[in-house]
Amino acid sequence: MKKTGLLGLLLLQGALANVSGFAQTPEGPPASEFSLSGNWFPLYNEDLPERGGGPELVDYLGLPITNGARQMALSWDPSRMTVEEHQCQVHVSPYINRSPTQLEFWEERDPETQRVIAIKLYVSNYQQTRTIWMDGRPHPSEYAPHTWMGFSTGKWEGAVLTVYTTHIKQGFVRRNGLPESDRATLIEHYIRYGNLMTHVSIVTDPVYLTEPLVKSEDFSLAEYTAISWTYSCEPVEEITGLPKNRVPHFLPGQNPFLKEFAERHGIPMQAVLGGAETMYPEYQLKLEQMLKTPAKK
Amino acid sequence: MTKKVFKPSPIAPHVASIFAAVIFLAATVLADAACARQNQNPGNPEIQVLPVQGNVYMIAGSGGNITLQAGPQGALLVDTGNVQLSDKIIAAIRKVSDKPIRIIINTSVDPDHVGGNESISKAGMSVIGGVVGYSAQDIQPGAPILAHENAFNRMNGMTGGKPSWPSGAWPTDPYSSSPKKLYSNDEGIEIIHVPAAHTDGDSIVFFRRSDVVSAGDIFVTTGYPVIDIQRGGSIAGIIDGLNRILDLTIAKQEVEGGTYVIPGHGRICDQFDVLEYRDMVTIVRDRIQDMIKKNKTLEEIKAARPTEDYDARYGASTGPWTTAMFVEAVYKSLITEK
């Protein structure tokens with residue numbers, strides 16, 4: 001509860017701060033007293049099923065998805081990942097922090113002034129390096145390419161590193177087929193307190209989310225580094241004999257896994273299909289009522 | 001009977017305050033980050049020149065995207081944008097290259113891709129002459145315009161009716177045998193005909209050393225693909241064209257980078273962007289095809305909303321190419337194939 005209150009205050013502080021400070025002076029921001037440099041291990045104290053083994057099919061609980069997102073996920077056949085060009089795809093920056101093996105932060109400084117030009121972040125899974133520009137540069141043209149990690153700018157707001165990311169590729173908001181569009185943007189707050197760090201992300205997707213999606217993960221500063229830092233992916237022909245250029249998908253109404261998660265866990269279908277109301281604690285009251293009233297067969 | 005009292009989670013009282021702060025912060029940051037956005041004034045479009053890779057640049061904001069290959073031999077263009085923006089396009093080219101415009105290639109016959117043909121060609125220079133050397137007298141104004149012969153025939157009225165463009169805009173060097181090969185600015189270039197796709201005269205252009213593909217309107221990021229049935233387009237051709245583009249692309253690492261693709265409209269892309277678009281078009285085709293097999297009428301198919309999951313990203317209810325028009329074009333295309 002104390003942590004929640006602190007989080008709320010920090011976020012409010014960030015909201016009230018002069019956000020135009022992202023456009024810094026040409027010299028860049030002053031060197032911050034705070035730093036995230038080092039290696040950080042994730043703590044799996046929340047959302048473990050999604051972050052660990054992964055979500056089950058047709059589990060859209062707790063996500064503010066549009067009906068379009070729902071339809072796309074229901075048509076998504078996991079066999080899509082066997083398509084050669086899909087095999088090595090990477091989780092986009094709004095999602096990749098859900099289960100990294102390790103994060104490594106370091107700073108790149110102007111050699112003359114020692115001002116921080118950029119904070120670099122290496123994410124061990126999928127071997128992705130993010131650059132968080134701290135020098136006030138603008139985001140690129142809307143015609144610039146999109147990448148898995150996007151284009152990020154950041155600023156310190158007290159002890160909180162706030163990062164704004166655009167130009168993100170299309171990806172998953174949950175890796176059971178729920179999409180995130182290439183129009184999504186990401187705001188992150190890296191909140192360090194001693195050797196612990198909380199990462200809060202706010203994803204805004206005008207295409208597939210009805211409202212911003214807020215998630216958090218905790219990390220611990222590591223005294224040692226992980227053994228495995230690389231991700232070697234080479235697409236291969238996983239299933240021989242299939243037609244070239246196939247796109248595995250389920251036709252409308254023909255997803256064979258539609259009820260599997262709901263029936264296995266005794267959750268009403270209306271709930272597993274997600275939506276903004278399933279995010280909020282008040283939904284527990286509605287869920288209780290739904291469980292009391294069996295669905296008509 | 002004991003009344004069960006449900007106690008909300010301790011976090012509940014804080015949710016509203018946290019969310020208010022989050023939403024406010026998100027809104028202000030999003031508004032502030034508009035500093036790099038494109039000029040939204042359609043009356044005074046901002047032409048942008050973006051380096052893509054190697055010798056290749058993209059000129060955007062001119063209608064359809066224009067590809068510019070610049071080097072010591074001069075400037076090679078793929079498409080020429082809208083007719084009224086030719087001066088701005090030439091000025092944009094001059095930001096990158098002060099060499100003559102040597103060659104123009106058209107990916108189709110759309111006005112936003114060929115509108116500048118005449119004026120930009122006139123601003124260019126061509127080298128003619130025999131196999132055995134040439135002299136300064138053989139250099140004359142006017143860059144040649146290459147396109148597939150079907151595109152040429154549509155522009156000069158050979159397919160029936162009056163010419164759709166003045167003769168100065170017509171391709172001067174139509175090709176029929178695909179691929180047509182060039183060598184310009186130290187790299188091989190393939191001009192590949194994609195039959196019956198957006199139209200029957202489409203070309204994609206592959207810059208082999210720069211590793212860039214100009215896709216024309218076979219691939220766009222701004223909407224559903226335009227299938228011009230009347231000018232020989234088809235959904236099968238669109239999908240074949242997208243697959244052809246995928247065959248040409250090689251990703252650098254984890255399906256990112258490597259070969260870049262310049263769409264007919266929209267941002268610079270790579271293999272994964274084309275892949276997702278190909279998947280979308282194929283899935284929509286499959287859905288409509290399934291409904292045709294079940295003897296659904298066009299109106300029934302439209303009512304079933306086979307594009308619902310993609311409409312928020314690619315759909316339009318107004319304008320020159322709506323979702324309904326796309327669904328109808330796919331339907332008619334599939335009916336014709338039967």
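Helix axes here are lines fitted to C-alpha atoms over the stretch in contact, and angles run from 0 to 180 degrees between N-to-C directions. Keep that in mind as we walk through this predicted model, where local features need pLDDT of at least 70, side-chain atom pairs count only at pLDDT 80 or more, and totals for chains, interfaces and linings use all residues. Residues are numbered from 1 along each chain as its sequence is written, while chains are lettered from A in the order in which they are written.

Let's start with chain A, which has seven helices and eleven strands (DSSP runs numbered from the N terminus: H or I of at least four residues, and E of at least two). Of its 297 residues, 38% count as buried, that is, with 20 or more other C-beta atoms within 10 Å of their own, C-beta atoms being placed from the backbone.

Now look at helix α3 of chain A, residues 67-75, where seven of nine residues are buried. Among them are A:Met72 and A:Leu74. The buried residues of α3(A) pack against β8 (178-180) of chain A and against α7 (271-293) and α9 (308-314) of chain B; a contact means C-beta atoms within 7 Å.

Following α7 into chain B, we meet α10 (residues 323-337): the axes of α7(B) and α10(B) come within 10 Å and cross at roughly 60°. That makes α7(B) oblique to α10(B), a class for angles outside roughly parallel (under 35 degrees), roughly antiparallel (over 145) and roughly perpendicular (65 to 115). The contact involves residues including B:Ile288 of α7(B) and B:Tyr331 of α10(B).

Methods. A residue is buried if 20 or more other C-beta atoms lie within 10 Å of its own, exposed if 12 or fewer, and partly exposed in between; C-beta atoms are placed from the backbone. Two residues are in contact if their C-beta atoms, placed from the backbone, lie within 7 Å.
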